[in-house]
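The following exercises concern one protein model. Please study the sequence and the structure before reading the worked solutions.

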Amino acid sequence: VKGTLVYNQEELRSNVSAWAKKGYQIATHAIGDAANRQILDIYEEISASMLDLASAANRTDLRWRVEHAQILSKEDVPRFASLGIIPSMQPSHCASDLGYAEQRLGVDRASRSYAWVSLLG
């Protein structure tokens with residue numbers, strides 16, 4: 001898991017929590033596996049404090065989203081479905097990233113990128 005994080009865990013938790021408490025549908029830009037893991041951790045923590053965990057339907061009612069969910073760790077792929085988080089990816093980014101993805105990410109990380117089918121659960 002690599003990347004440069006713009007917000008530390010506490011800053012992001014505070015920001016997401018404040019908007020969630022007001023009933024907003026949260027959408028977060030998270031480019032790279034480290035950023036995606038960070039926001040999934042925050043979403044999981046905050047949604048657990050807000051909802052009855054026995055009801056998966058309650059989680060999907062939140063309709064929280066992660067923009068740029070194209071580079072993920074293997075362990076985080078199933079978390080989107082289990083947490084009811086919408087992974088958003090733009091096909092045009094896939095096309096533009098193809099030329100340098102392996103060079104920048106390495107073969108293993110690039111092979112997990114743009115996992116549309118895996119994210120469908």
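**Exercise 1: Contacts and the nonpolar core**

Leaving aside residues up to four places away in sequence, Ile 39 touches Leu 12, Val 16, Thr 28, Ala 30 and Val 66, where contact means heavy atoms within 4.5 Å. The model is predicted, and local features need pLDDT of at least 70, side-chain atom pairs count only at pLDDT 80 or more, and totals for chains, interfaces and linings use all residues. Residues are numbered from 1 along each chain as its sequence is written, and side-chain values use heavy atoms, with hydrogens and water left out.

Task: Identify which residues touch the most other members of the largest nonpolar core, and which element gives the most to this core.

Solution.
1. A nonpolar core is a set of buried Ala, Val, Leu, Ile, Met, Phe, Trp, Tyr and Cys residues joined through side-chain atoms within 4.5 Å. Buried means under 20% relative accessible area, exposed over 50%, and partly exposed in between (1.4 Å probe, protein chains only).
2. The largest core has 23 residues, and those touching the most other members are Val 16, Ile 39, Tyr 43, Trp 64, Val 66, Phe 80 and Ile 85.
3. Two or more residues come from each of α1, α2 and α4. Helices (H or I, at least four residues) and strands (E, at least two) are DSSP runs, numbered from the N terminus.
4. The element that gives the most is α2, with six residues.
5. In soluble globular proteins, nonpolar side chains tend to be buried together.

**Exercise 2: The span of a helix**

Task: Determine whether the span of helix α2 agrees or disagrees with the expected value.

Solution.
1. The expected span of a helix is 1.5 Å times one less than its number of residues.
2. Helix α2 covers residues 33–50, which is 18 residues, so a span of 26 Å is expected.
3. The C-alpha atoms at the two ends of α2 are 26 Å apart, which agrees.
4. The buried residues of α2 include Ala 35, Ile 39, Ile 42, Tyr 43 and Ile 46.

**Exercise 3: Salt bridges**

Task: Explain which parts of the chain are tied together by the pair Arg 13 and Glu 45, and which by Glu 75 and Arg 37.

Solution.
1. A salt bridge is a side-chain nitrogen of Lys or Arg within 4 Å of a carboxyl oxygen of Asp or Glu. The structure holds ten of them.
2. One salt bridge joins Arg 13 and Glu 45, at 2.7 Å from N to O. Because Arg 13 lies in helix α1 (residues 9–21) and Glu 45 in helix α2, this pair ties together parts that are 32 residues apart in sequence.
3. Arg 13 is partly exposed at 21% relative accessible area, and Glu 45 is also partly exposed, at 37%.
4. Between Glu 75 and Arg 37, the closest N and O atoms of the salt bridge are 3.6 Å apart. Glu 75 lies in the loop between β2 (65–67) and α4 (77–83) and Arg 37 in helix α2, so parts 38 residues apart in sequence are tied together.
5. Glu 75 is exposed, at 54% relative accessibility, whereas Arg 37 is partly exposed, at 25%.
6. Arg 79 and Asp 76 form a further salt bridge, with closest N and O atoms 3.0 Å apart, and both residues are buried.
7. Through shared partners, salt bridges join Arg 37, Asp 41, Glu 44, Glu 75, Asp 76 and Arg 79 into one network.
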